[in-house]
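User: I'd like to learn how to read a structure like this one, feature by feature. Could you walk me through it?

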Amino acid sequence: MMKKAVVKKSVMYTIDLTKIDGDGAFPCPKCGSIISPDDETEEIYQIVETRAKNDELAEVILICNKCKSTIRLVGFLSQQEG
């Protein structure tokens, strides 16, 4: 008998930076690991893609290294305007 391959659908969480107080750090929506913009070690998370609009940062896609969740950060443009 052949076993059917289990296909896991990956969920992409979206974090709006305009709704975060403080220094921009936030917990991973799945595992709670603190993701901080000051952490440049790539121990907690890894940036996999950045997207720009009109030569300004629009969003960042990252992966939590602990639980492998994909997180989309938005709200950069409205922060730059304010």
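Analyst: Let's go through the fold, the core, a hairpin and the salt bridges in turn.

Analyst: A word on the ground rules before we start. This is a predicted model, so local features need pLDDT of at least 70 and side-chain atom pairs count only at pLDDT 80 or more, while totals for chains, interfaces and linings use all residues. Residues are numbered from 1 along each chain as its sequence is written, and side-chain values use heavy atoms, with hydrogens and water left out.

User: What pattern does the protein follow along the sequence?

Analyst: Helices and strands here are DSSP runs (H or I, at least four residues; E, at least two), numbered from the N terminus. The protein has one helix and six strands, and they come in the order β-β-β-β-β-β-α.

User: How do I read burial, and what share of the residues counts as buried?

Analyst: Buried means under 20% relative accessible area, exposed over 50%, and partly exposed in between (1.4 Å probe, protein chains only). Of the 82 residues here, 29% count as buried.

User: And the nonpolar core: which residues have the most contacts inside it?

Analyst: In soluble globular proteins, nonpolar side chains tend to be buried together. A nonpolar core is a set of buried Ala, Val, Leu, Ile, Met, Phe, Trp, Tyr and Cys residues joined through side-chain atoms within 4.5 Å. The largest one in this model has 13 residues, and those with the most contacts inside it are Ile15, Phe26, Cys28, Ile35, Leu62, Ile71 and Leu73. S5 and S6 each supply at least two residues of this core, and the largest share, three residues, comes from S5.

User: What does Leu62 touch?

Analyst: Contact means heavy atoms within 4.5 Å. Skipping neighbours within four places in sequence, Leu62 is in contact with Ile35, Tyr45, Gln46, Ile47, Val48, Ser69, Thr70, Ile71 and Leu73. Take Thr70 from that list: it sits in strand S6 and is buried, at 16% relative accessible area. Again leaving out residues up to four places away in sequence, Thr70 touches Val11, Met12, Tyr13, Ile61, Leu62 and Ile63.

User: Now the hairpin. In which sense do S4 and S5 pair?

Analyst: Two strands pair if DSSP finds at least two bridges between them. Strand S4 (residues 45-53) and S5 pair in the antiparallel sense over eight bridges; one of the bridge partnerships joins Ala52 to Leu57 in S5. The hairpin has two residues between the strands, and Asn54 takes a positive phi near 55° there.

User: How many salt bridges does a search of the whole structure find?

Analyst: A salt bridge is a side-chain nitrogen of Lys or Arg within 4 Å of a carboxyl oxygen of Asp or Glu. The search finds four. In one of them, Lys19 meets Asp16 with the closest N and O atoms 3.5 Å apart; Lys19 is exposed at 67% relative accessibility, whereas Asp16 is partly exposed at 26%.

User: Which residues are linked in a network?

Analyst: Glu49, Arg51, Glu59 and Arg72 are linked by salt bridges. Arg51 and Glu49 have their closest N and O atoms 2.9 Å apart, and Glu59 meets Arg72 at 3.2 Å, N to O. Glu59 lies in strand S5 (residues 56-64) and Arg72 in strand S6 (residues 70-74), so this pair ties together parts 13 residues apart in sequence. Glu59 is buried at 10% relative accessibility, while Arg72 is partly exposed at 26%.
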